[in-house]
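Me: Could you walk me through one part of this model? I'd like a close look at how its strands pair up into a small sheet, and then a glance at what else is there.

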Amino acid sequence: ELGALLTATTGRLLGQARASAEVAAELLEEAAVTGVLDTGRSLGGSVDAVDVVRREPRGVVAVLTPWNDPYPAAAGLLAAALVTGNTVVHKPSERSARAGHELARRIAGALPDGVLNVLAGDGATGAALAADPRVHVVAHVGSTATGRRIAASVGARGGRALLENGGKDPLVVDAGVDPAWAAQQVAVGAFTNTGQLCTAVERVYVHEDVADAVLAELVALADGLSPGDPSDPATGLGPLVDERQLALVDEHVREAVDAGARVLAGGSRLDRPGSFYPATVLDGCTDGMRLMTEETFGPVAAVTRVASFAEGLALAAAGDYGLAATVLTPSTAHALEAAEALEVGTVKVNAVFGGAPGGSADPRRGSGQGRGFGPDLLGELTALKAVHLEAAPTA
């Protein structure tokens, strides 16, 4: 039911929408187990006294979540806040309000009244929550611009802000890789959910030794993704969320083409009802293009050819964002170099999506602040209190 609702609301492919709901359930189960394990610690002090450090709830947590992947984003934050004893006010994005409200309603049904509250509203509602002195922590997943406004508002009143914001994730393709496999990784990263993921691949740096072969395979994959009804299992690419997002993607691509990028696949909005944009591959992209510097959030693989792995790594490390990055390489030395050099929250080697449960990461620069996932998130939502206890002397 949740999968069908997300498909109807945002146009996400039905299979992916159902999988998103399953991930949310897994996050709830994970927090239910790990959230009760670390409640504090005892300290080695005097033999006639007791010293402990308690973990206590921070109070009221506002959870503001995005439209593009609302189930996992909400479930991870809601679970962490609730299992550590906080009460929550949750505002899903107005662009996927029905889906967000339904998930929260199901969770709230298992809790005492008033513990989890859900608000409908747009950015003004979120801003009011962030400014409210009764809210101790604001956890926001969404755009960088909104995140920065929240950080300023919350910081001005002495609250805490956890932000997972925009990304412009790079993928570096090294020499010596299998071109068909590399193209498949790029396609999954750039075209999944029509490119509408915070960790979507938006910049691709391909070593010139394999560039022609990788691009030929990538174009074939892009051409094979047929846009259509997202509830139809045969559909390879769903619509963008709305006309506003379609206009942004089309604008970024047209500007890049005008600046010298070459269209190898797709490249223009489709002449059909709905906010459809084809899987697009552009070659010859350069750093000055908005397509390479600002979040596009569409099914576009923007490719730059590089003469060496070092050049690709340097370009991948540049920019205003620091959410995640992927490196495809047969070289262990290059993989270790990438893990060290890339100033991002998550480095993925030879797998564009994946990772064990419980991973924690700090997004960097314009991509946010604070631990957004895993056991370390529980620490962000609790306050430490040291307690020293001695026996009183007898009368």
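Reply: Here is a walk through the strands, followed by a pair of helices.

First, some ground rules: this is a predicted model, where local features need pLDDT of at least 70 and side-chain atom pairs count only at pLDDT 80 or more, while totals for chains, interfaces and linings use all residues. Residues are numbered from 1 along each chain as its sequence is written, and side-chain values use heavy atoms, with hydrogens and water left out.

Let's start with the open sheet of 3 strands, which has the order β1-β2-β18 and antiparallel pairing. A strand here is a DSSP run of E with at least two residues, and a helix is a run of H or I with at least four, both numbered from the N terminus. Two strands pair if DSSP finds at least two bridges between them. In general, strands of a sheet pair through backbone hydrogen bonds, either parallel or antiparallel.

The edges of this sheet are β1 (40–43) and β18 (382–390), each pairing on one side only. β1 is joined to β2 (residues 49–57) by 4 bridges, and the two form a hairpin with 5 residues between them. On the other pairing, 9 bridges join β2 to β18, again antiparallel. Now zoom in on Val 52: it is the bridge partner of Ser 42, and it also stands opposite Val 387 in β18. Neighbouring strands of the sheet are turned by 20 degrees against each other on average, direction ignored; the axes behind such angles are lines fitted to C-alpha atoms (for helices, over the stretch in contact), and angles run from 0 to 180 degrees between N-to-C directions.

There is also an open sheet of 7 strands, with the order β10-β11-β12-β9-β8-β14-β15 and mixed pairing. Its edge strands are β10 (262–265) and β15 (346–349). Inside it, β11 (residues 280–283) and β12 (residues 300–306) pair in the parallel sense over 3 bridges, with Val 281 opposite Ala 301.

Finally, the helices: the axes of α1 (residues 2–10) and α4 (residues 97–108) come within 9 Å and cross at roughly 160 degrees. That makes α1 roughly antiparallel to α4 (angles over 145 degrees count as roughly antiparallel, under 35 as roughly parallel, 65 to 115 as roughly perpendicular and the rest as oblique). Their contact, meaning heavy atoms within 4.5 Å, involves residues including Leu 2 and Leu 5 of α1 and Arg 98 and Glu 102 of α4.
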